[in-house]
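Colleague: I am new to this structure and should be grateful for a close look at one part of it. Please begin with a single residue and then explain its surroundings.

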Amino acid sequence: MKTVSTLAEGHPTAGDAHEHSGAPFSELPPRAVLDISGDLLRALAAPVRIAIVLQLRESTRCVHELVDALAVPQPLVSQHLRILKAAGVVAGERSGREVMYRLVDHHLADIVVAAVTHASEIDQ
């Protein structure tokens, strides 16, 4: 795991087996941006929340659809949705008696997919 100090160096190690796209930051973003980024990554850092994001990248879903898809209790799904909503990852819109949840920004799904893809590569 790279720390803030190693990010500033911006050089991959010789043992880096992955090719990364995008130019490295020539200088670190402001502390406020790093803090918000950390908050966002913490909000995504739970297996159930990762699964919720993966489900919502397909389409909007209500709580009972997420419960069925993830095979976890409804209170647990609701708790994780609250965390994702507070972090600005998901938004909920009432549709009759149900609340339909959607991703606020699909770039967030890209972060989750990249993490899952990377973990799959490591696991092989």
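Is alanine 71 buried or exposed, and what is its relative accessible area?

Modeller: Alanine 71 is exposed, with a relative accessible area of 69%. Here buried means under 20% relative accessible area, exposed means over 50%, and partly exposed lies in between, with a 1.4 Å probe and protein chains only. This is a predicted model, in which local features need pLDDT of at least 70 and side-chain atom pairs count only at pLDDT 80 or more, while totals for chains, interfaces and linings use all residues. Residues are numbered from 1 along each chain as its sequence is written, and side-chain values use heavy atoms, with hydrogens and water left out.

Alanine 71 lies in the loop between α4 and α5. Its phi is near 55 degrees, a positive value in a residue other than glycine. Most residues other than glycine have a negative phi.

For the wider setting, the protein contains six helices and three strands, arranged along the sequence as α-α-α-β-α-α-β-β-α. Helices (H or I, at least four residues) and strands (E, at least two) are DSSP runs, numbered from the N terminus. Of the 124 residues, 25% count as buried.

The helix that precedes alanine 71 is α4. Its buried residues are Val63, Leu66, Val67 and Leu70. They cover an arc of only 105 degrees around the axis, which puts them on the same side of α4; the arc is that of the directions from the helix axis to the C-beta atoms. The cover over these buried residues includes α3, β1, α5 and β3.

Helix α3 (residues 47-56) has its own buried residues, namely Val48, Arg49, Ile52, Val53 and Leu56. Seen down the axis of α3, they fall within an arc of 140 degrees, so they line one face of the helix. Isoleucine 52 touches Leu66, Leu70, Val77, His80, Leu81 and Leu84, leaving aside residues up to four places away in sequence. Contact means heavy atoms within 4.5 Å.

Ile52 is also among the residues with the most contacts inside the largest nonpolar core, together with Val53, Leu81, Val89 and Val90. This core has 21 residues, and α3, α4 (63-70), α5 (74-86), β3 (98-103) and α6 (107-123) each supply at least two of them. A nonpolar core is a set of buried Ala, Val, Leu, Ile, Met, Phe, Trp, Tyr and Cys residues joined through side-chain atoms within 4.5 Å.

The strands complete the surroundings. They form an open sheet in the order β1-β3-β2, with antiparallel pairing; two strands pair if DSSP finds at least two bridges between them. β1 (61-62) and β2 (90-95) stand at the edges, each with a single partner strand, so one side of each is left without a neighbour in the sheet. β2 and β3 pair over six bridges, and β1 and β3 over two. Tyrosine 101 in β3 is the bridge partner of arginine 61 and stands opposite glycine 92. Along β3 the side chains alternate: Val99, Tyr101 and Leu103 point to one face and are buried, whereas Glu98, Met100 and Arg102 point to the other and are not.
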